[in-house]
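Okay, thanks for making time, everyone. I'd like to walk you through one model today, so let me put it up on the screen.

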Amino acid sequence: MHLDGARFFNALAETEEKAIDFGKYFDTISICLSKGLGAPIGSILLYKKEFEAKARRMRKAFGGGMRQVGFLAAAGIYALDHHINRLREDHKRAKKLGDALKNVSWVKSVMPVDTNIVIFEVAAPHSPEKILAKFSESNLKALSFSATEIRLVTHLDFTDAMLDKCIEIIFKIKF
């Protein structure tokens, strides 16, 4: 069994579980070093010894055989050493953002904010495209998540000042 751990450390930061406890449940675990941890690129694959040959073959087949990437590996190591513990800051900012969105007329609902992802449903008669256009006017970046939802993500480079500005923009949007 494989665990796609793109946001593995975000989940661990929130639940306070230990990474080592998951090895007994999965044969392989992939961990993204760029999502949340701030490395420019990279991921690591953890596997049980009996899966080593297959894991290495699959990694190479999917383009994981890059050469001379030591500086990128160093960025990944730095991210693991310095950015796991700060993920809760991203979560805290996302929760404040979610709370702010609950207080504007053009938001129908906000999904529970557990990590650094905020998903909200746009109230009729508005559309995500209409809201995203308003966001864009103020250089606020977000993505349409469905026909009625928008997704925002906080991250390493999203500061408290940016959060305050974002909330200010949200409250200024009127229809």
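Let's start with a quick one: which residue of E7 does Phe-120 stand opposite? It's Ile-150. And before we go on, keep in mind that this is a predicted model.

So, that sheet. Four strands make it up, in the order E4-E5-E7-E6, and the sheet is open, with antiparallel pairing. On the edges you have E4 and E6, the latter being residues 143-144, and each of them pairs on one side only. E5 and E7 run antiparallel and are joined by five bridges.

Now look at what sits on that sheet. Helix H4 packs on it, touching E4, E5 and E7, and the direction of H4 makes about 10 degrees with that of E5. Then there's H5, which lies across E5, E6 and E7 and runs at about 35 degrees to E7.

Let me stay with H4 for a bit, residues 87-101. A sanity check on the geometry: with 15 residues at 1.5 Å a residue, H4 should span 21 Å, and the end C-alpha atoms are indeed 21 Å apart, so the two agree. Which residues of H4 are buried? The list is Leu-87, Asp-90, His-91, Arg-93, Ala-94, Leu-97, Gly-98, Ala-100 and Leu-101. Remember the general point here: an α-helix has 3.6 residues a turn, so residues three or four places apart point the same way. As for what the buried residues of H4 pack against, the partners are helix H1 (8-15), strands E4 (107-110), E5 (117-122) and E7 (149-153), and helix H6 (160-172).

One residue in there I want to pull out: Arg-93, which is in helix H4. Is Arg-93 buried or exposed? Its relative accessible area is 10%, so Arg-93 counts as buried. If you leave out residues up to four places away in sequence, Arg-93 touches Thr-154, Phe-158, Thr-159, Asp-160 and Leu-163. And Arg-93 is part of a network of salt bridges, together with Arg-86, Glu-89, Asp-90 and Asp-160. Within that group, the side chains of Arg-86 and Asp-90 meet at 2.3 Å, N to O. Both Arg-86 and Asp-90 are buried.

How many salt bridges are there overall? The count comes to twelve. Let me show you two more. Back on the sheet, Lys-108 and Glu-121 form one through their side chains, at 3.9 Å from N to O. Lys-108 is in strand E4 and Glu-121 in strand E5, so this pair ties together parts that are 13 residues apart in sequence. Lys-108 is exposed, at 59% relative accessible area, while Glu-121 is partly exposed at 21%. Then there's Lys-49 with Glu-52, where the closest N and O atoms are 2.7 Å apart. Lys-49 has 64% relative accessibility, so we call it exposed.

Okay, aromatics. There are four aromatic pairs in the structure. In one of them, Trp-106 and Phe-135, the ring centres are 6.1 Å apart and the planes sit at 70 degrees, so that's an edge-to-face pair. What I like about this pair is where the two ends come from: Trp-106 is in the loop between H4 and E4, Phe-135 is in H5 (residues 128-137), and they are 29 residues apart, so to speak linking distant parts of the chain. Both rings belong to buried residues.

Elsewhere, ring pairs link Phe-8, Phe-9 and Phe-22 into a cluster. Phe-22 is in the loop between H1 and E2. With 19% relative accessibility, Phe-22 counts as buried, since the cut-off is under 20%. Who does Phe-22 contact, leaving aside neighbours within four places in sequence? Phe-8, Leu-12, Glu-17 and Ile-29. For a sense of scale, the C-alpha atoms of Phe-22 and His-91 are separated by 22 Å, and the two residues are 69 apart along the chain.

Last stop, the other sheet. This one is open too, with three strands in the order E1-E2-E3 and mixed pairing. Its edge strands are E1 (2-5) and E3 (43-47), each pairing on one side only. From one strand to the next, the twist averages 10 degrees. E1 and E2 (residues 28-32) run parallel, with four bridges joining them. And in that pairing, Gly-5 stands opposite Ile-31 in E2.

That's my tour, and I'm happy to go back to any part of it.

Notes:
Residues are numbered from 1 along each chain as its sequence is written. This is a predicted model: local features need pLDDT of at least 70, side-chain atom pairs count only at pLDDT 80 or more; totals for chains, interfaces and linings use all residues. Side-chain values use heavy atoms; hydrogens and water are left out. Two strands pair if DSSP finds at least two bridges between them. Axes are lines fitted to C-alpha atoms, for helices over the stretch in contact, and angles run from 0 to 180 degrees between N-to-C directions. The expected span of a helix is 1.5 Å times one less than its number of residues. Buried means under 20% relative accessible area, exposed over 50%, partly exposed in between (1.4 Å probe, protein chains only). Contact means heavy atoms within 4.5 Å. Rings of Phe, Tyr and Trp (its six-membered ring) pair if their centres lie within 6.5 Å; planes under 30 degrees apart count as stacked, over 60 as edge-to-face and the rest as tilted. A salt bridge is a side-chain nitrogen of Lys or Arg within 4 Å of a carboxyl oxygen of Asp or Glu.
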